[in-house]
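Here is a short walk through the model you have open. Keep the viewer at hand as you read, and follow the residues as they come up.

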Amino acid sequence: MKTEKWLLIESRIIQMAERGKLKFEIIEKFGILSTSKSGWNLELNLVQWGDNQPKFDLRSWSVDHTKMGKGVGLTHDELTQLQQISQKILGAENQNITTHFAQLPEDDGFGPDADFENDRPKVTRLSD
């Protein structure tokens, strides 16, 4: 009977098997971002491609990881920069907006606020 450690080693050997001339090892799985209708998962993993340094890898994978879609590999510094950019984008979405407004008379003598459009965030909530 195979132990859990042996199954992990066997799994890595299979993943390292050459696919054409492509050799890779999924060192760590961080999470699945989404799953398509076909069952493929968009995943963030730490992957070593060939004999290169491992990179954070964002790409679509078949369930058994025998097939992969196009993806992007990021170094630690690039992932940190992406996190900072994401926080700026999502921070605008999550700002606490004041919901209590002072009551103004209907005709206060002021026209529409010309600068109102400039006060809006440049990015709105991202959608699929």
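## A buried arginine and its surroundings

R59 is buried, with a relative accessible area of 11%. Please keep in mind that this is a predicted model. You will find R59 in strand β3, which covers residues 55-61.

What does the side chain of R59 reach? One partner is the backbone oxygen of G69, at 2.8 Å. Another is the side chain of D57, with which R59 makes a polar contact of 2.7 Å. Setting aside neighbours within four places in sequence, R59 is in contact with N41, L42, E43, W49, M68, G69, K70, G71 and V72.

## The salt bridge

How many salt bridges does the structure hold? There is one. D57 and R59 form a salt bridge, and their closest N and O atoms lie 2.7 Å apart. As background, side chains of opposite charge can pair when their charged atoms come close.

D57 also lies in strand β3. Is D57 buried or exposed? D57 counts as buried because its relative accessible area is 0%, and the cut-off for buried is under 20%. R59, at 11%, is under that cut-off too, so R59 also counts as buried. Apart from neighbours within four places in sequence, the contacts of D57 are E43, L44, N45, V47, W49, V72 and G73.

## How the strands line up

With that pair in view, let us step out to the strands. Strand β2 (residues 41-49) pairs with β3 in the antiparallel sense, over seven bridges. Within this pairing, E43 has R59 in β3 as its bridge partner, and L44 stands opposite L58 in β3.

Strand β4 (residues 68-74) runs antiparallel to β3, and five bridges join them. Here, R59 stands opposite G71 in β4.

Moving to the pairing of β1 and β2, nine bridges join these strands, which run antiparallel. G31 has L44 in β2 as its bridge partner.

The hairpins are set out below, each with a turn residue to look up.

| Hairpin | Residues between the strands | Residue with positive phi |
|---|---|---|
| β1 and β2 | five residues | G39, near 95° |
| β2 and β3 | five residues | G50, near 60° |
| β3 and β4 | six residues | H65, about 60° |

## A glutamate in strand β1

E25 is another residue to click on, and its place is in strand β1 (residues 24-35). Is E25 buried or exposed? E25 counts as buried because its relative accessibility is 14%, and buried means under 20%. How far apart are E25 and L46 in sequence and in space? They are 21 residues apart in sequence, and their C-alpha atoms are 8.6 Å apart.

## A nonpolar patch on the surface

Now turn the model to a helix. Which residues make the nonpolar surface patch of about 220 Å²? The patch is made by I85, I89 and L90. The place of I89 is in helix α2, which covers residues 76-94. At 30% relative accessibility, I89 counts as partly exposed, because that class lies between under 20% for buried and over 50% for exposed.

## The whole chain

Finally, zoom out. The secondary structure of the protein chain comes to three helices and four strands. Reading from the N terminus, the order of the elements is α-β-β-β-β-α-α.

Of the 128 residues in the protein chain, 13% count as buried. D57, with a relative accessible area of 0%, is one buried residue, and E25, at 14% relative accessibility, is another. The chain exposes about 10,900 Å², and carbon and sulfur atoms supply 56% of that area. Among contacts in the protein chain with a separation of 6 or more, residues 24 or more positions apart account for 24%.

To recap what you can trace in the viewer: R59 sits in β3 and forms a salt bridge with D57. The side chain of R59 also reaches the backbone oxygen of G69. Across the strands, R59 is the bridge partner of E43 and stands opposite G71 in β4.

How values were computed. Residues are numbered from 1 along each chain as its sequence is written. This is a predicted model: local features need pLDDT of at least 70, side-chain atom pairs count only at pLDDT 80 or more; totals for chains, interfaces and linings use all residues. Side-chain values use heavy atoms; hydrogens and water are left out. Helices (H or I, at least four residues) and strands (E, at least two) are DSSP runs, numbered from the N terminus. Buried means under 20% relative accessible area, exposed over 50%, partly exposed in between (1.4 Å probe, protein chains only). A polar contact is a pair of N or O atoms within 3.5 Å; within protein, one must be able to donate a hydrogen and the other to accept it, and residues adjacent in sequence count only if both atoms are side-chain atoms. Contact means heavy atoms within 4.5 Å. Patches are made of residues with over 30% relative accessible area and no salt bridge: like charges are joined within 9 Å, nonpolar side chains (Val, Leu, Ile, Met, Phe, Trp, Tyr) within 5 Å. Accessible areas come from the Shrake-Rupley method with a 1.4 Å probe; for residues, only the protein chains shown count as cover. A salt bridge is a side-chain nitrogen of Lys or Arg within 4 Å of a carboxyl oxygen of Asp or Glu. Two strands pair if DSSP finds at least two bridges between them.
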